[in-house]
Amino acid sequence: MDEFQFVAQTLELRLSDKDLHGGQVLAHLSFSMSDSFLQIAARLASIAREFQVRGWALGTSGNLSAVVEREPLKLAMSPSGVDKGELLAEQILMIDEHAVVIGDYHAKPSDESPLHIRIIKERGAGAVLHTHSIWNTILSDIHAADGGLSIEGYEMLKGLEGVGTHEHREWLPILENSQDMLALADGIGDTLGKHQDAHAFLLHRHGLYSWGRDLAQAKRHVEIIEFLLEAVGRTLLIRNSRQKDEEA
């Protein structure tokens, strides 16, 4: 039995159990069992596990979402407090545009769900992915005072949507981190409005957010940007080491 079939059976059991208790929220659960949701849930769980192996979502860090329906907005969202290396498709939640869980789920969505919702609304994105790699965390700190980080001259930039040359200059805005998610979401909205061409942004000493029209594109953007951030970070280390040797 593959993961898609397993989560389908799990949701069928939930639906049957709820039906025995009065048939409440059957419409929501029936929708949750649509092929699109099951496929997205399986894909989100797979990406989460891959990111954990790559060191981009260690422990319970990081979160992932994808649009299931636009009107009204419904997202498949990773739950709060779950090790991304062990995330299963049946643990993925359905939430609405207010980050309220839809259906018979007892877990809570990621605390950063409002950030995902804001990015999706601002960019018309189909998926949002958030990572906590060492390099994106370090560089978000080093360049915080500059308000962002510029990356240019790398061939890998051509992996970003709409970029056709290594001469492209990608600006990654850096926002101050906050535990007030609604205020942070507003700050993200303002930043995305000012930087229409940005493919991602950094939260200071926190991590990277990127997105795409679908999960495949969002995953590609994260892979490209994480590669570029590591390249920039390692280059900085080498240059500083050489400078110290020359001064010695």
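This tour of a predicted model moves from one serine to the nonpolar cores and then to a group of aromatic rings.

**Ser 113**

Select Ser 113 to begin; this residue lies in helix H4, which spans residues 113-123. Ser 113 counts as buried because its relative accessible area is 0%, and the cut-off for that class is under 20%. Next, display its surroundings: leaving aside residues up to four places away in sequence, Ser 113 touches Met 77, Ile 95 and Ala 99. Then add Pro 79, whose C-alpha atom is separated from that of Ser 113 by 9.4 Å, with their positions 34 residues apart along the chain.

**The nonpolar cores**

Now select Phe 37, Leu 44, Leu 129 and Leu 215, the residues with the most contacts inside the largest nonpolar core, a set of 29 residues. To see which elements build this core with two or more residues each, colour helix H3 (35-53), strand S1 (63-69), strand S3 (93-96), strand S4 (127-131) and helix H7 (215-247). Of these, H3 gives the most, with 10 residues. Another core lies apart from this one and has 22 residues, including Met 77, Ile 117, Val 128 and Trp 211. Met 77 has already appeared on this tour, as a contact of Ser 113.

**The aromatic rings**

Finally, turn to the aromatic pairs, of which the model has three. Select Phe 201 and Tyr 209, a stacked pair at 5.4 Å centre to centre and 20 degrees between the planes. Both residues, Phe 201 and Tyr 209, are buried. Adding Trp 211 completes the view, as ring pairs link Phe 201, Tyr 209 and Trp 211 into a cluster. Trp 211 is also among the residues of the 22-residue core.

Methods: Residues numbered from 1 in each chain as written. Predicted model: local features only at pLDDT ≥ 70, side-chain atom pairs only at ≥ 80, totals over all residues. Heavy atoms only, no water. Helix = DSSP H or I, 4+ residues; strand = E, 2+ residues; numbered from the N terminus. Buried < 20%, exposed > 50% of the residue type's maximum accessible area, 1.4 Å probe, protein only. Contact = heavy atoms within 4.5 Å. Core = buried A, V, L, I, M, F, W, Y, C linked by side-chain atoms within 4.5 Å. Phe/Tyr/Trp six-rings, centres within 6.5 Å; stacked < 30°, edge-to-face > 60°.
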